[in-house]
Amino acid sequence: MESRSYEPEKTAKDVSLHELKDRLAEFAQVRGWEQYHSPRNLLLALVGEVGELSEIFQWKGEVERGLPNWSAAEREHLEEELSDVLLYLVRLADVCELDLGHAALSKIVKNANKYPVAASARALP
């Protein structure tokens, strides 16, 4: 089986969850890692990555939107940890045979019904 390049494309494009799912499945398959990718193991790895993400913010206090005071190295580290969380989440959903994109859109609809606009607007200071 010929494996594709894992270098990101140089031009900006939207990446679908489906593309991420397929690339992660191939990545695991060619390395023989599928045997370790049980839902439990993937969840524990995801929790570890969320911990690493939390550690970045642990002592920063409130952070401004857009991270204007962060260095390029800090921003890159944040991108890497966010990516780790996303990739484990996508892989977990795939191994559980769930459509994460559809589930997320359904959850937005449920939240819209649970938190209608009029009620939300009144709750703001």
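1. Let me start with the fold. The secondary structure of this chain amounts to 5 helices and 0 strands, and the order along the sequence is α-α-α-α-α. Please keep in mind that this is a predicted model. Of the 125 residues in the chain, 15% are buried. Among contacts with a separation of 6 or more, 62% join residues 24 or more positions apart.

2. Helix 3 is a good place to look next. It has 24 residues, and the distance from its first C-alpha to its last is 34 Å, close to the 34 Å expected at 1.5 Å a residue. Its buried residues are Leu78, Glu81, Val85, Val90, Arg91, Leu92 and Ala93; two charged names, Glu81 and Arg91, are on that list. The partners against which the buried residues of helix 3 pack are helix 1, helix 2 (39–57) and helix 4 (100–114). Just after helix 3, you will find Glu97 with a positive phi of about 60 degrees.

3. Now for the packing of helix 1 on helix 3. Two packed helices are described by the angle between their axes and the distance between the axes. For helix 1 (residues 17–31) and helix 3 (residues 72–95), the angle is about 85 degrees and the axes are 9 Å apart. Angles of 65 to 115 degrees count as roughly perpendicular, and helix 1 and helix 3 are therefore roughly perpendicular to each other.

4. Which residues make the contact between these two helices? On the helix 1 side they are Leu17, Leu20, Lys21, Leu24, Ala25 and Ala28, and they meet Leu86, Leu87, Val90, Arg91 and Asp94 in helix 3. Sorted by class, this contact of helix 1 with helix 3 has 8 nonpolar, no polar and 3 charged residues.

5. Val90 deserves a closer look of its own. This residue is in helix 3. Is Val90 buried or exposed? Its relative accessibility is 3%, so Val90 counts as buried, the cut-off for buried being under 20%. Leaving aside residues up to four places away in sequence, Val90 touches Leu17, Leu20, Lys21, Leu24 and Leu100. Leu17, Leu20, Lys21 and Leu24 also appear in the list of helix 1 residues that meet helix 3. A further distance to check in your viewer is the one between the C-alpha atoms of Val90 and Asp22: 9.8 Å, for residues 68 apart along the chain.

6. On aromatic rings, the structure holds 2 pairs. Phe27 and Trp33 form an edge-to-face pair, with 5.6 Å centre to centre and 70 degrees between the planes. Phe27 has 27% relative accessibility and so counts as partly exposed; Trp33, at 37%, counts as partly exposed too.

7. The other pair is Phe57 with Trp70. The ring centres are 5.4 Å apart and the planes stand at 50 degrees, so this pair is tilted. Phe57 lies in helix 2 and Trp70 in the loop between helix 2 and helix 3, so the pair ties together parts that are 13 residues apart in sequence. How do the two rings fare for burial, buried or partly exposed? Phe57 is partly exposed, with a relative accessible area of 33%, whereas Trp70, at 12% relative accessibility, counts as buried.

Definitions and conventions: Residues are numbered from 1 along each chain as its sequence is written. This is a predicted model: local features need pLDDT of at least 70, side-chain atom pairs count only at pLDDT 80 or more; totals for chains, interfaces and linings use all residues. Side-chain values use heavy atoms; hydrogens and water are left out. Axes are lines fitted to C-alpha atoms, for helices over the stretch in contact, and angles run from 0 to 180 degrees between N-to-C directions. Helices (H or I, at least four residues) and strands (E, at least two) are DSSP runs, numbered from the N terminus. Angles under 35 degrees count as roughly parallel, over 145 as roughly antiparallel, 65 to 115 as roughly perpendicular and the rest as oblique. Contact means heavy atoms within 4.5 Å. The expected span of a helix is 1.5 Å times one less than its number of residues. Buried means under 20% relative accessible area, exposed over 50%, partly exposed in between (1.4 Å probe, protein chains only). Rings of Phe, Tyr and Trp (its six-membered ring) pair if their centres lie within 6.5 Å; planes under 30 degrees apart count as stacked, over 60 as edge-to-face and the rest as tilted.
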